[in-house]
Amino acid sequence: MPPQRVASRALASLVFGILSVIPSRAMARVLRDPHAYTALPIAAARAIEAGRHDSVVSDPLARKLLAGEHHLVSASGGLIDHMTKRTLVGDELVLEAYSRGVRQVVSLGAGMDARAFRMGLFDTAFFEVDRKELFEVKEPLVADVPLQCERRRVVAGNFGAMDLVAELERAGFDKFKPSVWLLEGLVMYLKRDDMKRLAAEIDQLAARGSSLWFDAFSETSISSGMSFYGVNFESGFDDYNEILQSNGFDYAETFLAEGVWVDRNEKVVKRDQRYKVTSAQLRGRSGCLIVRARKSS
């Protein structure tokens with residue numbers, strides 16, 4: 001048999017095998033729910049990055065987490081740089097917190113995040129929060145994948161409607177111990193009041209020594225109208241620093257995303273301090289933002 005036909009059959013078998021473990025009704029709900037579906041092109045971008053010869057992110061699960069939507073790989077090339085940057089910023093924050101003894105990681109809007117399966121933090125608890133429809137597809141895909149953490153807990157719910165504090169504590173989160181919070185690709189989908197409420201909830205849960213990061217857009221950017229795979233962005237702020245500082249974080253900083261880049265030779269994220277901005281400097285200005293904050297120990 002020609003090698004091309006063997007390869008085609010192997011690929012078809014792989015795709016069929018992946019799809020066969022996903023309950024069809026669950027996948028249908030994700031396909032109908034544009035919010036949940038946005039997790040898949042992000043996984044596609046990670047899959048492309050993981051396959052590069054100069055890859056800075058190892059994510060062997062990314063292709064499996066496409067849940068059969070393999071056409072997204074060819075459609076997600078333009079996302080690679082930003083998604084790689086985003087992934088590496090989150091990885092570095094987790095590892096920096098780990099070096100300080102932090103052993104709880106919370107991923108809000110977790111999507112198809114795979115850190116619990118790839119980072120090798122075997123004494124750390126990972127908490128993933130996202131929509132029920134998303135987890136109904138994700139969990140069968142990872143059921144046979146060994147964890148690389150102490151434990152992984154999923155918390156299903158919709159931001160703005162769920163009691164995040166109660167749900168995380170019910171899942172075993174310890175608010176008296178420091179934690180690291182990842183809000184990748186989340187806050188732009190939250191309405192303004194929901195974003196402020198979320199900041200207050202994180203403050204209740206994040207002990208001294210905790211840290212967080214998220215990507216966002218300025219108010220001017222969002223007001224011009226933005227969307228991702230058909231889902232409109234709901235809010236952008238110029239004063240994320242002030243929001244976080246008014247909710248218990250001693251230090252917060254915002255960078256324009258173009259001043260944060262991946263050095264592929266050193267496999268690290270670098271920042272140009274000239275791109276650090278204040279709320280006054282952002283007012284009336286469009287921009288993608290990288291926001292970090294921490295609570296002193």
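In this predicted model, helix H6 supplies the largest share of the lining of the second largest pocket, namely 4 residues. The space within the second largest pocket amounts to about 210 Å³. A total of 13 residues line the second largest pocket, and Leu93, Glu96, Ser211, Arg292 and Arg294 are the closest to its centre. At least two lining residues come from each of H6, S5, strand S8 (251–256) and strand S12 (288–294). Sorted by class, the lining of the second largest pocket consists of 7 charged, 5 nonpolar and 1 polar residues.

The largest pocket holds about 800 Å³ of space. Its lining comprises 43 residues, and those nearest the centre are Thr38, Glu184, Gly185, Leu186 and Tyr189. Two or more residues of this lining are given by each of several elements: the helices H3 (34–37), H4 (39–50), H6 (80–99) and H7 (115–118), together with the strands S1 (104–108), S5 (211–217) and S6 (227–228). Among these elements, H6 gives the most to the lining of the largest pocket, with 4 residues. Nonpolar residues number 19 in this lining, charged residues 13 and polar residues 11. Helix H6 thus appears in the linings of the largest pocket and of the second largest pocket. Strand S5 likewise gives two or more residues to the lining of the largest pocket and at least two to that of the second largest.

The secondary structure of the chain consists of 13 helices and 12 strands. An open sheet is formed by 8 strands with mixed pairing, in the order S3-S2-S1-S4-S5-S12-S8-S11. Strand S3 (149–156) and strand S11 (276–277) are the edge strands, each pairing on one side only. Within the sheet, S1 pairs with strand S2 (residues 121–130) in the parallel sense, over 5 bridges. Glu128 of S2 is the bridge partner of Ser107. Strands S5, S12 and S8 follow one another in the sheet order, and each of these strands also contributes at least two residues to the lining of the second largest pocket.

Over the whole chain of 297 residues, 53% are buried. Of the contacts with a separation of 6 or more, 75% are accounted for by residues 24 or more positions apart. The chain has an accessible surface of about 13,400 Å², and carbon and sulfur atoms account for 51% of this area.

How values were computed:
Residues are numbered from 1 along each chain as its sequence is written. This is a predicted model: local features need pLDDT of at least 70, side-chain atom pairs count only at pLDDT 80 or more; totals for chains, interfaces and linings use all residues. Side-chain values use heavy atoms; hydrogens and water are left out. On a 1 Å grid over the protein atoms alone, a cavity is a set of points where a 1.4 Å probe fits but cannot get out, and a pocket is an open set with protein on both sides within 12 Å along at least five of seven lines; lining residues have an atom within 4 Å of a point. Grid points are joined across faces, edges and corners, and a volume is the space filled by probe spheres set on the points. Ala, Val, Leu, Ile, Met, Phe, Trp, Tyr, Cys and Pro count as nonpolar, Asp, Glu, Lys and Arg as charged, and the others, Gly among them, as polar. Buried means under 20% relative accessible area, exposed over 50%, partly exposed in between (1.4 Å probe, protein chains only). Contact means heavy atoms within 4.5 Å. Accessible areas come from the Shrake-Rupley method with a 1.4 Å probe; for residues, only the protein chains shown count as cover. Two strands pair if DSSP finds at least two bridges between them.
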